[in-house]
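Colleague: Got a minute to go through this one with me? I'd like to start with the ring contacts.

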Amino acid sequence: MCGIVGYIGERDAVSVLIESLKKLEYRGYDSAGLALLDGKGKSCVFKTEGEISRLESILPELPARIGIGHTRWATHGKPNTINAHPHVSGSISVVHNGIIENYLELKESLESEGFVFVSDTDTEVLAHLINKYYLKNPGDLAIAIRSALGEVRGSYALSVLSEEHPHELIAARKDSPLILGLGEHENFIASDIPAILKYTNRVIYMENLEMVRVKRDSVQVFDLDGNPRFKEEHIIPWNLEAAEKAGYPHFMLKEIHEQTNSIHETLAGRLQELEGDVIFDELDLDKEQIQNIHRIEIIACGTSFNAGLLGKYLFEGLTGIHTDVDNGSEFRYSNPVLTPSTLVIAITQSGETADTLAAVREATSYGCTTLAITNVVGSTISREASNIIYTRAGPEIGVAATKSFISQLVVLYLLVIHFARARSMMDADRVGKLLSELRKIPGHVSRILEDKENIQKCASRFAESKDYFFIGRNINYPIALEGALKLKEISYIHAEGYAAGELKHGPLALISEDVPVVAIAPQGHTYDKILSNIKEVKSRDASVIAIADSDDGEIAKYVDVVLTVPKTDFILTPLLTTVVVQLLAYYTALERNCSIDKPRNLAKSVTVE
Ligand code: F6R
């Protein structure tokens with residue numbers, strides 16, 4: 001997730017682009033850059049590692065009236081100056097948000113034609129590809145871009161500047177957001193509304209597979225075949241603060257909604273349904289090495305630990321590899337039984353959690369192969385683990401982890417499938433079916449979000465409770481833990497997550513009519529068992545909120561509230577039940593007037609022991 005901007009008009013382009021980029025820093029802030037045409041129409045590119053203030057400090061005075069800019073959240077290649085955007089080929093400069101899935105094959109073919117690459121990014125492919133078509137047929141930049149995009153697989157919002165075309169910018173989008181801001185003798189391009197609100201509240205929303213030619217006094221939108229498109233202008237009623245949250249009252253709610261897109265990003269370029277496999281270009285473990293793994297040790301803290309616990313169920317159930325999960329803080333002071341055939345997987349959204357890092361160092365000292373699953377490119381863990389998989393959820397501002405958690409789960413599913421194939425534990429047919437179900441998950445998440453009023457109603461009904469229980473079995477037990485963790489951290493209600501079968505071994509003593517119990521109960525091999533657990537708590541007068549499949553006609557007879565999730569393969573249900581428990585926590589905290597994005601005593605990244 002990155003931010004792109006573009007400007008053409010009568011103002012000082014440098015300050016407009018810098019101001020606009022600052023408003024997009026929530027989309028990424030590991031490097032930034034600008035491409036401008038100076039007073040003589042010469043192209044100038046400035047870029048640097050780090051935040052936008054650093055870019056600002058290296059910019060000279062420049063009489064520019066046209067330019068493009070970028071703030072980066074690295075997905076391919078380290079966050080350094082060379083990998084920062086814009087990327088340049090000949091007279092063409094490009095900024096891009098998204099992922100070019102077939103960039104390696106395109107890069108190979110462009111290199112064989114003599115194009116020289118300087119960065120590790122997927123975006124540089126776009127710059128050379130556009131330049132290649134422009135050199136073949138000079139004169140129309142839009143046609144060159146259209147031809148280039150015809151070869152590209154993946155997602156993009158991009159903006160292109162060329163010194164051959166000093167009076168226009170071209171932009172296009174597919175699966176990444178892009179808007180146009182309209183002014184008097186000036187126009188703007190941006191990933192999101194906050195970037196332009198200082199200058200105008202008149203916008204056009206670009207749709208997928210649309211391209212636009214932006215001039216000082218006009219914007220012309222086309223489809224990718226060059227047919228003109230009529231676009232409606234909208235007036236934005238928000239102020240700047242609301243706009244940064246895209247109109248949501250809290251970052252947490254915005255990030256819960258962004259999960260449809262973050263799941264999509266996590267899957268991008270990794271699924272091979274036809275072959276029945278998953279590819280991880282970044283993984284340095286071949287088939288034989290995967291076959292030789294005797295044990296997996298997962299290390300993580302907090303929400304990431306809950307993801308790790310789901311990982312244990314999946315690895316053991318689908319690959320047959322014995323898997324343990326430990327908190328970083330416990331693992332580092334235990335005497336772990338590790339051998340070189342143990343794979344140590346560290347899960348950490350920030351990549352900076354001190355306990356998890358210390359545990360990885362401990363594992364490395366035993367000669368184990370380490371694999372980190374993290375959201376932050378260039379984080380400390382990405383430099384220390386021998387393998388890295390990025391979750392690509394984009395920056396998360398709310399302290400409570402939501403979209404980064406769901407992306408961790410998606411990576412675990414993909415990794416488990418990849419290992420199961422390498423160890424011949426799943427056939428291609430089963431994998432193909434599972435992958436096509438996975439592709440449907442973003443759509444299912446949207447359905448849950450559309451039904452959020454029901455979840456809100458339920459949350460307010462029980463918002464005054466002093467205690468809450470979350471119960472689940474098997475792969476939904478980790479989601480019971482996550483539901484309890486989310487609720488306690490943002491609403492300050494005491495909440496416990498339990499494996500449902502454990503209730504009768506103690507906690508049942510706490511169940512009474514004042515204690516709501518959330519039972520996560522999609523249909524699967526433990527469904528009858530959790531129904532029995534529901535009856536156990538019902539007979540102690542608890543109110544039960546069931547999270548159940550939308551086609552479950554039975555469960556309503558036994559519970560007080562049913563919150564439904566669309567039907568999917570049982571094994572994937574945690575990806576849906578998670579969204580329900582997140583929304584339940586969010587609306588409970590809202591009802592209690594809590595500080596949702598910054599809960600008391602907590603921090604986004606725990607870099608101390
Ligand atoms: C809860 C939450 C924390 C983190 C934990 C580990 O919403 O965010 O429990 O999961 O502090 O952080 P990372 O994943 O950055 O290692």
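Colleague: How many aromatic pairs does a search of the whole structure find?
Modeller: Six. Rings of Phe, Tyr and Trp (its six-membered ring) pair if their centres lie within 6.5 Å; planes under 30 degrees apart count as stacked, over 60 as edge-to-face and the rest as tilted. One of the pairs is Phe-188 with Tyr-199, which is stacked, at 5.4 Å centre to centre and 15° between the planes.

Colleague: Where do Phe-188 and Tyr-199 sit in the chain?
Modeller: Phe-188 is in strand E10 (residues 187-190), and Tyr-199 is in the loop between E10 and strand E11 (202-205), eleven residues apart. Helices (H or I, at least four residues) and strands (E, at least two) are DSSP runs, numbered from the N terminus. Tyr-7 joins Phe-188 and Tyr-199 in one aromatic cluster.

Colleague: Before I go on, what kind of model is this?
Modeller: It's a predicted model: local features need pLDDT of at least 70, side-chain atom pairs count only at pLDDT 80 or more, and totals for chains, interfaces and linings use all residues. Residues are numbered from 1 along each chain as its sequence is written, and side-chain values use heavy atoms, with hydrogens and water left out.

Colleague: Back to Phe-188: buried or exposed?
Modeller: Phe-188 counts as buried because its relative accessibility is 2%. Buried means under 20% relative accessible area, exposed over 50%, partly exposed in between (1.4 Å probe, protein chains only). Tyr-199 is at 15%, so Tyr-199 counts as buried too.

Colleague: And what about Tyr-468 and Phe-470?
Modeller: They form a stacked aromatic pair, 5.7 Å centre to centre with 25° between the planes. Tyr-468 is buried at 0% relative accessible area, and Phe-470 is buried at 1%.

Colleague: Which ring does the charged end of Arg-600 sit over?
Modeller: The ring of Tyr-492, 3.8 Å from its centre. A charge sits over a ring if NZ of Lys or CZ of Arg is within 6 Å of the ring centre and within 35 degrees of the ring normal. Lys-535 lies over the face of Tyr-558, at 4.5 Å from the ring centre.

Colleague: Switching to the ligand: which of the 14 residues around it come nearest?
Modeller: Ser-304, Thr-348, Ser-350, Thr-353 and Glu-489. A residue is near a molecule or strand if one of its heavy atoms lies within 4 Å of it.

Colleague: How far is a polar side-chain atom of Thr-353 from an oxygen atom of the ligand?
Modeller: 2.4 Å. A backbone N or O atom of Ala-401 is 2.9 Å from a ligand oxygen, and a polar backbone atom of Thr-303 is 3.1 Å from a ligand oxygen.

Colleague: Which element gives the most to the shell around the ligand?
Modeller: H10, with three residues.

Colleague: Any odd backbone spots to look at?
Modeller: For context, most residues other than glycine have a negative phi, and most peptide bonds are trans. Here a cis peptide bond joins His-85 and Pro-86, with omega about 0°. Pro-86 is in the loop between strand E4 (66-72) and strand E5 (87-89). Ser-424, not a glycine, has a positive phi of about 55°.

Colleague: Is Ser-424 buried or exposed?
Modeller: Exposed, with a relative accessible area of 59%. Ser-424 is in the loop between helix H14 (403-422) and H15. Asn-593 also has a positive phi, near 65°; Asn-593 is in the segment after helix H19 (574-591) and is exposed at 70% relative accessible area.

Key
Polar contact = N/O pair within 3.5 Å; in protein donor to acceptor, adjacent residues only side chain to side chain.
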